[in-house]
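Reader: Could you walk me through how the labels in this structure are earned? I'd like each value set against its cut-off.

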Amino acid sequence: MSALPHPLHALEKLSYEAQFWEATPQGCLAGVDEAGRGCLAGPVVAGAVLIAPDDIVPLAQNELLRVNDSKQLTAKQRDGCFEIITHHPKIHWAVGQASPEEIDQLNILRATHLAMRRAVEGLTPTPTHALVDGLPIKGLPISHTAIVKGDAKSLLVACASIVAKVTRDRLCEALDKCYPHYGFAQHKAYGTKAHLEALRTYGPCPEHRKTFAPVAVVQDELALEF
């Protein structure tokens, strides 16, 4: 791998990447983020994205120019970025999940860390370091740098946030076909008024996180009826 390209320093969203490659020129760096942590149903999903330093500057200036924190993009924009990230030959990506059962068993924080670990372990080549959105992650198999609001500050983390968000949204659209009463395709399993009303009307489905307060309350209410 050649020395770090100078233009990297001029790109705001590559400042964390630049710091890593200056210290470790031969290192493989990944960005990691999650989606669905605050939802009432479905898995928590993590995305991991790895791009070599020789490739990241031209990608940042061209194909990935519009990549941003997934929450700042429209669904159409996210889908467009997702297709580029997941089909470009110089971008490596992976997804990890933790199921509703694992969330209930472990708690949401530990399950989120598990999903992130699985995403990192799914990458080829194996990264030597990761930039992670938010706070430090327990159990990650490599060293990492935690960046608060990292999806708005790092291109790799922003790419990972898009992979996680689009993957999870599509999983919710699939769940909607299995459990049409809840409106998963519309609210993506967040605790909206419509979701809570459906939950009270129909009770939890197998994909609901039973330890989350709104779901647990409905379960208790149903139990009292029998």
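Author: Gladly! Buried means under 20% relative accessible area, exposed over 50%, and partly exposed in between, with a 1.4 Å probe and protein chains only. This is a predicted model, where local features need pLDDT of at least 70, side-chain atom pairs count only at pLDDT 80 or more, and totals for chains, interfaces and linings use all residues. Residues are numbered from 1 along each chain as its sequence is written, and side-chain values use heavy atoms, leaving out hydrogens and water.

Reader: Why is S161 called buried?

Author: S161 has a relative accessible area of 1%, and the limit is under 20%, so S161 counts as buried.

Reader: What does S161 touch?

Author: With contact meaning heavy atoms within 4.5 Å, S161 touches D33, N68, D69, S70 and D151, not counting residues up to four places away in sequence.

Reader: Why is C172 not in a disulfide?

Author: A disulfide is a pair of cysteine sulfur atoms within 2.5 Å. The closest cysteine sulfur to that of C172 is in C39, 6.1 Å away, so the two are too far apart for a bond. C178 is in no disulfide either, as the nearest cysteine sulfur, that of C205, lies 9.2 Å away. By this rule, the count is zero disulfides.

Reader: Which of the labels, buried or exposed, fits C172, and which fits C178?

Author: C172 has 2% relative accessibility, so C172 counts as buried. C178 is at 55%, and therefore counts as exposed.
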